[in-house]
Amino acid sequence: MNDMTQQSHFTQLTAADTNPTETQEWRDALLSLAATEGSARVRQILDELARLARTQRIGWQPELNTPYINTIGVEQQPVFPGDLAIEERLASLMRWNALAMVVRANQAYGELGGHIASYASAADLFETGFNHFFHARNATHGGDLVFFQPHSAPGVYARAYLEGRLSEADLMHYRQEITAPESGARGLSSYPHPWLMPDFWQFPTGSMGIGPISSIYHARFMRYLTHRQLLDCGARKVWGVFGDGEMDEPESMSALTLAAREKLDNLVWVVNCNLQRLDGPVRGNGRIIDELEKLFAGAGWDVIKLVWGSDWDGLFARDTTGALVRAFANTVDGQMQTFAAKDGRFNRDNFFGQNPELAALAQGMTDEQIDRLKRGGHDLVKIHAAYAAASAHTGQPTVILAQTKKGYGMGSAGQGKMTTHSQKKLDETDLIEFRNRFNLPLTDEQAKGLEFFKPADDSPEMHYLREHRAALGGALPQRETACTVVPVPAIDRYAQFALKADGKEMSTTMAFVRMLGTLLKEQELGPRIVPIVADEARTFGMANLFKQVGIYSSVGQRYAPEDIGSVLSYREALEGQILEEGISEAGAIASWTAAATSYSVHGLAMLPFYIYYSMFGFQRVGDAIWAAADQRARGFLLGATSGRTTLSGEGLQHQDGSSHLVAATIPNCKAYDPAFAGELAVIIDAGMREMLVEQQDVFYYVTLMNENYANPDLPEGAAGGVLRGGYHFGSYGPQGGERVTLLGSGAIVTEVVQAAQQLADHNIGVDVFSITSWSELARDGMAQEAHGADAYVAQLLAASAGSIVAATDYVRAVPESVRAFMPQGRRYSTLGTDGFGRSDTRAALRSFFKVDAESIVARALADMGVKA
């Protein structure tokens, strides 16, 4: 943007100037300073003037918005290092093959869906990254982390096809993951899903908003690994390509200040601002780029606006009155979308025709030239300049706000249309038009037949494609899983106190913290453990870990804490091990995911333990946990103060009665509700071995209680039953005569034992089973049922007799999940805590929900036909 345009814009904003001559003198002085001493000196002076204005209480601060033009001027652009013509041809081929893949699938199977328009708008943003910036992991580079806009997945598949990573048969089976193997092909998932394509996709981004927050915490975790001297991540970047509509998700915005506060200059976001959501304009009556610029700048990010392509440079150069900047300032996104959907004649009449100054700028341009004026996100030269600036920037994360057209190149079929997001079919005329728009080497018949196109292996395009990816380390996206086994100590080294509890009173939370403290001292395992809390370490009795391993801080500790003389004083450190995320469950689970997938992302196995109020897990951030499951996370989630009656005084929104129900829906989550420290020890030990030694893609959800009660020794030979979901805890009363069977889990096992003792006093024999995992029992039952075998729970209960009563601190649907697998001919009743929680004593709560000993006895007697 030239000085005259700047001057015009300034004049427009200061139309009510009371002393224009003095204002001009100030302007001349500033321009002179810039010309003689450079922009750094100008910034220094402006900062000083701003400080002075604040000191004088002038009541002014700089606008966070800049004019609706590119941040990087023409004179600041580096020389484009590639072959522009080849890169444009390659991007056009990607667009075509992506379009053909989606349209072919929907011609054959109309219900499959798919998206064309998003990738059409983002293709150049992706290709610039692929050709010049996105590093793969190899022997010399740890690899960049790239979060791909989910609706653009077809374009990533199209590139993998040209690279030879996917076949034409694979592309023919887009969104056909079940039927593809029948044809010897690979089904391609709708969006990035590591679970479904475990060697391809690295990060799941299909749930809007999860990708952005995850990228921030991955970038921070890389700093954590570096500062703890576990892995040098200094040369690596995290790139995220997201949509402007996605920025409406709270998760997208929730950690912006963390990224700025931590100075995560290893993080670059590219927001594809095609100005359109699923149904219509993102900000029909405003400008989303302006809104995002203000938001990111205010949060402390470096902001690069990439608005207009090179074709506009000449127009800006000729615009000596600032007409373009004024016109853009008065054009909202809804109108900009209309301009995108219409042709050159319409834009000549309705944009350039707004006033004589604009009309004069368009003189000499044909309607086709006007139609082909590119927005910044479609210009490879401009994109490269923005990416290069972002890569070189230090001290802040960077966001590139790239303006594009949704459905770019789809013409009357979809470019800028309200319906473009759902566009999955094009008629023959549209296909020919698309071919012509991008000069594709296809005959009419090939275009109408939606034939995939791959250049000859020895063509300049293919050589270029391979050479540029080779220079950047290889193909992307690519998920790797190789990592070194981390040895796990023998269980009696850290949990003997739990296995041989000998009646000592303790809560399972207390037992866990004691085990964790010992595990952290293990020479090989200890450094790989990542304790994570959301501002509740003291609540869970973890304050002793502050001094032992410290709380991670990227700047160390710059203050003397109030409790510095205390044994449990607060300690932050650069090499600190605990991630204390503040009151942010979304942030804590994002940190957990980064650590839990480190084995794949970094080739370094880490073991995160995230402990939190159980109600604030699956209910609060269940979508993020599901995404972590998709990413094949390995680690422990610990739902503390769990159950509806153990957290007595906190009431409705804190008392968890449903987390085990939700956990059971996640296939690679093993959920346990141990009653005693010995059970907990066996579960923790098995989980560590499964994840670190066997390297299985599972994670564990374990509920913990804050209720102290006597803990027995773990019965000899019970460990296997603990892991399978339950074991025989004990027998009470006479061995002959009437009998009943009681099942209990977690905190309610103590009530079940009391009930057994009361029934024994009535000369009724009782067998008590401690159920450590209802979901594992149910999964086993379904698996055995498929093979015509008896479920483990049926085998377990075979030696018992009488009716069966199950009681939990969770909703009845949890124990109901195993009803189908109960021994035949025996009555099965369940007791649970359905309904809202409330505050009172534990005894009152258990009586209210009818899961106390008296209620269990009454249920058992009623099932036996005995009046209480």
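A nonpolar surface patch is made of residues with over 30% relative accessible area and no salt bridge, with nonpolar side chains joined within 5 Å. The exercises below apply this and related terms to a predicted model.

**Exercise 1.** Determine which residues make the nonpolar surface patch of about 490 Å², and which helix gives the most to it.

*Solution.*
Step 1. The patch is formed by Trp26, Leu30, Leu46, Leu49 and Leu52.
Step 2. Two elements each supply two or more of its residues: helix 2 (20–37) and helix 3 (39–55).
Step 3. With three residues, helix 3 gives the most.

**Exercise 2.** Locate Leu30 and decide whether Leu30 is buried, partly exposed or exposed.

*Solution.*
Step 1. Leu30 has its place in helix 2.
Step 2. The relative accessible area of Leu30 is 34%.
Step 3. Partly exposed residues lie between the cut-offs of under 20% for buried and over 50% for exposed. Leu30, at 34%, is therefore partly exposed.

**Exercise 3.** Describe the surroundings of Thr830, beginning with its element and its accessibility.

*Solution.*
Step 1. Thr830 belongs to strand 20, which covers residues 828–831.
Step 2. Its relative accessibility is 5%, so Thr830 counts as buried.
Step 3. Leaving aside residues up to four places away in sequence, Thr830 touches Ala806, Arg812, Pro815 and Glu816.
Step 4. Side-chain polar contacts link Thr830 to Arg812, at 3.1 Å, and to Glu816, at 2.6 Å.

Terms used. Residues are numbered from 1 along each chain as its sequence is written. This is a predicted model: local features need pLDDT of at least 70, side-chain atom pairs count only at pLDDT 80 or more; totals for chains, interfaces and linings use all residues. Side-chain values use heavy atoms; hydrogens and water are left out. Helices (H or I, at least four residues) and strands (E, at least two) are DSSP runs, numbered from the N terminus. Buried means under 20% relative accessible area, exposed over 50%, partly exposed in between (1.4 Å probe, protein chains only). A polar contact is a pair of N or O atoms within 3.5 Å; within protein, one must be able to donate a hydrogen and the other to accept it, and residues adjacent in sequence count only if both atoms are side-chain atoms. Contact means heavy atoms within 4.5 Å. Patches are made of residues with over 30% relative accessible area and no salt bridge: like charges are joined within 9 Å, nonpolar side chains (Val, Leu, Ile, Met, Phe, Trp, Tyr) within 5 Å. Accessible areas come from the Shrake-Rupley method with a 1.4 Å probe; for residues, only the protein chains shown count as cover. A salt bridge is a side-chain nitrogen of Lys or Arg within 4 Å of a carboxyl oxygen of Asp or Glu.
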